[in-house]
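Reader: I am in my first year of study and should be grateful for a close look at one part of this structure. Could you please begin with a single side chain and follow its surroundings outward?

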2 protein chains.
Amino acid sequence: MLAVSLRYATLGLLAQQPGSGYDLLKRFEVSMANVWPATQSQLYGELNKLAADGLIEVTNVGPRGRKEYGITESGRVDLLAWITRPHDDTPVRRPEVLRVFLLGEIPASQARNYVTRMADSADHALARYEHIRDSVEWGDSDTAFFARAALEFGLRTAAMEADWARWLAEAIDRRNEPQR
Amino acid sequence: MLAVSLRYATLGLLAQQPGSGYDLLKRFEVSMANVWPATQSQLYGELNKLAADGLIEVTNVGPRGRKEYGITESGRVDLLAWITRPHDDTPVRRPEVLRVFLLGEIPASQARNYVTRMADSADHALARYEHIRDSVEWGDSDTAFFARAALEFGLRTAAMEADWARWLAEAIDRRNEPQR
DNA sequence: AGTGCCATGTAAACGGTTACATGATTCT
DNA sequence: AGAATCATGTAACCGTTTACATGGCACT
């Protein structure tokens, strides 16, 4: 058990506020999905496991078999331990950068093209994050404060990626300039 | 089959230069491992699959059962298609940032502490990349050029992460300043 | 003779994705 | 009545990680 992040993403959402699997799915989409995507299947499975381990519990049952979950005391203990424990996180996987390693294997014009598309998609991601920043009502809760901080990370990452891709595009151009 | 990056990382390494599984493992470590880690098990398995699909072939057999692989023509075609094909890459997973979303659930002093450790580990990563930049003999091959470009990505990412973590640490301090 | 490196492989378990499956309730 | 949404679950598959397993070759 060395990564298990979805488990704690789920537990954390319930620590912030109780809800059903369905509720959590929607809250996930507008917050953590950008740094830790989860599918519906996975979330429901995780909820059952967390409940079996006593870290969360069904606090009441509504229409359509809706089960509302809340975090338990031992759940809170476990969550706090996970957040503060020294972590060996799995290294980040970036397929786009992996391709950069291999760009020498294709014609320069196509390599240049690929890099330009990277810059475009970074710009697109940046615009998306900016839209979130400007459209969400950021209250003054701790939850909002840290969600905003995570968004700031996304903003800076996207800006950096766009800059880097443009830098690389120019470097490719300089490299392929007709020799004088 | 929507991600399959290790397959192409392997194929790409063989496109750059033939070698055995053992050779590739070592080349992996000093290059792509930072953006796409792979284990020994996985690599050997992938080599056998690639060979079965005719994208690579055993070019000769040495002592200790060493099998040297080379890329085939259809391997090159496939690799080029993968690099240039429009990609829906899997979203990046960042457990450290996931934790930031949950920092409101723990005492502010511990949250502040976590963020400081993030800054430290980003500094550490930056130093590691700088060391690579300064110690590797960068030739003027295409392979070296793009490896250097990927490293630049790492350098900028680490610097950005360190800046962001320090910004957040200060924001937490401001937020918790004794009210006047 | 012993250590360390070269070299490849298998098996079990886990986490994540996709597709399938079902049905109740609310709204128009 | 029908559509949209609420709501949960199962099964198969795939990629990844960890541990186990084996043995040859080179160097001292």
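Author: Arg76(B) is partly exposed, with a relative accessible area of 33%. It is placed in this class because the value is neither under 20%, which would make the residue buried, nor over 50%, which would make it exposed. The model considered here is a predicted one, and each value below is computed from it.

What does the side chain of Arg76(B) meet in a salt bridge? The partner is Glu105(A), with 3.5 Å from N to O. This pair crosses between chains: Glu105(A) is in the loop between helix H5 (95–101) and helix H6 (108–135) of chain A, while Arg76(B) is in helix H4 of chain B. The distance of 3.5 Å satisfies the rule because a salt bridge requires the nitrogen to be within 4 Å of the carboxyl oxygen.

The pair leads directly to the interface. In the model, 67 residues of chain B are in contact with 67 residues of chain A. The area buried between the two chains is about 6700 Å², and carbon and sulfur atoms give 69% of it. On the side of chain B, the residues that lose the most area to chain A are Phe101(B), Phe146(B) and Phe153(B), which together account for 12% of what that side buries.

Charged and polar pairs are also present. The rule finds 6 salt bridges across the interface of chain B and chain A. Arg175(B) and Asp142(A) also meet through their side chains in a salt bridge, at 2.6 Å from N to O. There are, in addition, 19 residue pairs in polar contact across the interface of chain B and chain A. Which helices of chain B each supply at least two residues of the side that touches chain A? They are H1 (5–16), H4 (73–84), H5 (95–101), H6 (108–135) and H7 (142–176). The largest share, 20 residues, comes from H7(B). By class, this side of chain B has 38 nonpolar, 13 polar and 16 charged residues.

A residue of helix H1 of chain B shows what such a setting can look like. Ser5(B) is found in that helix. Is Ser5(B) buried or exposed? It is buried, because its relative accessible area is 4%, which is under the limit of 20%. Beyond its neighbours within four places in sequence, Ser5(B) is in contact with residues of both chains: Pro95(A) and Leu98(A), and also Trp36(B) and Trp82(B).

Salt bridges within a single chain complete the comparison with the pair at the start. Over all chains, the structure holds 22 salt bridges. In chain A, Glu152(A) forms one with Arg156(A), and their closest N and O atoms are 2.9 Å apart. Both residues lie in helix H7 (residues 142–176) of chain A, at a spacing of 4 residues, about one turn of the helix. Glu152(A) is buried, with a relative accessible area of 14%, whereas Arg156(A), at 23%, counts as partly exposed. The two receive separate classes because the limit for buried is under 20%.

Chain B offers a pair of another kind. Arg166(B) forms a salt bridge with Asp123(B), the closest N and O atoms being 3.1 Å apart. Arg166(B) lies in helix H7 and Asp123(B) in helix H6 of chain B, so the pair ties together parts that are 43 residues apart in sequence. Arg166(B) is partly exposed, with a relative accessible area of 36%, and Asp123(B) is likewise partly exposed, with a value of 30%. Elsewhere, salt bridges that share partners join Asp23(A), Arg66(A) and Glu68(A) into one network.

The annotation of chain A may be set beside this picture. An unreviewed UniProt entry lists "domain: Transcription regulator PadR C-terminal" for residues 93–172 of chain A. Over these residues the chain is 82% helix and 0% strand, with the end C-alpha atoms 24 Å apart. UniProt also lists, again in an unreviewed entry, "domain: Transcription regulator PadR N-terminal" for residues 11–79 of chain A. Over residues 11–79 the chain is 51% helix and 16% strand, with the end C-alpha atoms 7 Å apart.

Key
Residues are numbered from 1 along each chain as its sequence is written. Chains are lettered from A and ligands numbered from 1 in the order in which they are written. This is a predicted model: local features need pLDDT of at least 70, side-chain atom pairs count only at pLDDT 80 or more; totals for chains, interfaces and linings use all residues. Side-chain values use heavy atoms; hydrogens and water are left out. Contact means heavy atoms within 4.5 Å. Buried area is the accessible area (1.4 Å probe) that two parts lose on being put together, summed over both. A polar contact is a pair of N or O atoms within 3.5 Å; within protein, one must be able to donate a hydrogen and the other to accept it, and residues adjacent in sequence count only if both atoms are side-chain atoms. Ala, Val, Leu, Ile, Met, Phe, Trp, Tyr, Cys and Pro count as nonpolar, Asp, Glu, Lys and Arg as charged, and the others, Gly among them, as polar. UniProt positions are given in the numbering used here, feature names are shortened, and annotations may be inferred rather than shown by experiment. Buried means under 20% relative accessible area, exposed over 50%, partly exposed in between (1.4 Å probe, protein chains only).
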